Amino acid sequence: QLQLVESGGALVQPGGSLRLSCVASGFSLEGYAVAWFRQTPGKEREGVTCISTSGETTITKDSAQGRFTISRDNAKNTVYLQMYSLKPEDTAIYYCAAEEVYAGPYYCHLREEYDLWGQGTQVTVSS
């Protein structure tokens, strides 16, 4: 069974940091682009950042630029989302998503067309 499992969500104060993890089981992430999305109640899910299979290409939405960093460790079958300088508006359920890529090692995107999704992890930024 192909599965993605997120962890690391927590309650954190504004200005704080968190690192989320997305672990794949049942398959190797090596040939997959991976993205992080987030969703708050009443709003559409939005793409936050993605990473290509090689790890050399990342795309990050403007509001997260300079604060969020995506990385991958294929040996651990894991993708990370390091978040710094968190703001209340970052509060959301964060999902990781993956898709097998045939467009080369430098491709990823932030559209919701990924095949595999995790169950999400809650991040709450509040004092």
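For this tour, Ala, Val, Leu, Ile, Met, Phe, Trp, Tyr, Cys and Pro count as nonpolar, Asp, Glu, Lys and Arg count as charged, and the others, Gly among them, count as polar. Keep in mind throughout that the structure open in your viewer is a predicted model.

**First stop: the largest pocket**

Begin by selecting Arg38, Thr40, Lys43, Glu46 and Glu89, which are the lining residues that lie nearest the centre of the largest pocket. The whole lining is made up of 13 residues, and the pocket that they surround has a volume of about 180 Å³. Which kinds of residue make up the lining of the largest pocket, by the grouping of nonpolar, polar and charged? The residues of this lining divide into eight charged, four polar and one nonpolar.

**Second stop: the aromatic rings**

Now display the aromatic side chains, among which the count of aromatic pairs comes to three. One of the pairs is formed by Phe27 and Tyr32, whose ring centres are 4.8 Å apart and whose planes make an angle of 55 degrees, so that the pair counts as tilted. Phe27 counts as buried because its relative accessibility is 12%, and Tyr32 is likewise buried, with a relative accessible area of 12%.

Next, select Phe37 together with Trp117, which form a tilted aromatic pair at 4.8 Å centre to centre, with 50 degrees between the planes. If you follow the chain from one partner to the other, you will find that the pair links distant parts of it, since Phe37 belongs to strand E4 (residues 32-39) and Trp117 to strand E10 (residues 116-117), 80 residues apart. Are these two rings buried or exposed? Phe37 is buried, because its relative accessible area is 0%, whereas Trp117 has a relative accessibility of 25% and therefore counts as partly exposed. Add Tyr114 to the selection, and you have the cluster that ring pairs build from Phe37, Tyr114 and Trp117.

Stay with Trp117 and bring Arg45 into view, for the charged end of Arg45 sits over the ring of Trp117, 3.9 Å from its centre. The charged end of Arg45 also sits over the ring of Tyr95, where the distance to the ring centre is 5.4 Å.

**Third stop: Cys108**

Move on to Cys108, which is found in the loop between strand E9 (92-100) and E10. Although this residue is in a loop, Cys108 is buried, because its relative accessible area is 6% and the cut-off for buried is under 20%. Which residues does Cys108 touch, not counting those up to four places away in sequence? Select Ala33, Cys50, Ile51, Ser52, Thr57, Ile59 and Tyr114, and you will have these contacts on the screen. To get a sense of scale, you can also mark the C-alpha atoms of Cys108 and Val123, which are 15 residues apart along the chain and separated by 24 Å.

**Fourth stop: Met83 in its strand**

Select Met83, whose place is in strand E8. Met83 counts as buried because its relative accessibility is 0%. Leaving out residues up to four places away in sequence, Met83 touches Gly16, Ser17, Leu18, Leu20, Arg67, Phe68, Tyr94 and Val123. The C-alpha atom of Met83 is separated by 20 Å from that of Ala33, a residue 50 places away along the chain.

**Last stop: three loop residues**

Select Asn77, which lies in the loop between strand E7 (68-73) and strand E8 (78-83). Asn77 is not a glycine, yet its phi is positive, at about 55 degrees; with a relative accessibility of 14%, Asn77 counts as buried.

Go on to Ser85, in the loop between E8 and E9, which is another residue other than glycine with a positive phi, in this case near 45 degrees. Ser85 is partly exposed, because its relative accessible area is 39%.

From Ser85 you can step across to Gly15, which is in contact with Ser85 and Leu86 when its neighbours within four places in sequence are left aside. Gly15 is in the loop between strand E2 (11-12) and strand E3 (18-25), and it counts as exposed because its relative accessibility is 53%, with the cut-off for exposed being over 50%. As a final view, mark the C-alpha atoms of Gly15 and Ala35, which are 20 residues apart along the chain and separated by 23 Å.

Notes:
Residues are numbered from 1 along each chain as its sequence is written. This is a predicted model: local features need pLDDT of at least 70, side-chain atom pairs count only at pLDDT 80 or more; totals for chains, interfaces and linings use all residues. Side-chain values use heavy atoms; hydrogens and water are left out. On a 1 Å grid over the protein atoms alone, a cavity is a set of points where a 1.4 Å probe fits but cannot get out, and a pocket is an open set with protein on both sides within 12 Å along at least five of seven lines; lining residues have an atom within 4 Å of a point. Grid points are joined across faces, edges and corners, and a volume is the space filled by probe spheres set on the points. Helices (H or I, at least four residues) and strands (E, at least two) are DSSP runs, numbered from the N terminus. Buried means under 20% relative accessible area, exposed over 50%, partly exposed in between (1.4 Å probe, protein chains only). Contact means heavy atoms within 4.5 Å. Rings of Phe, Tyr and Trp (its six-membered ring) pair if their centres lie within 6.5 Å; planes under 30 degrees apart count as stacked, over 60 as edge-to-face and the rest as tilted. A charge sits over a ring if NZ of Lys or CZ of Arg is within 6 Å of the ring centre and within 35 degrees of the ring normal.
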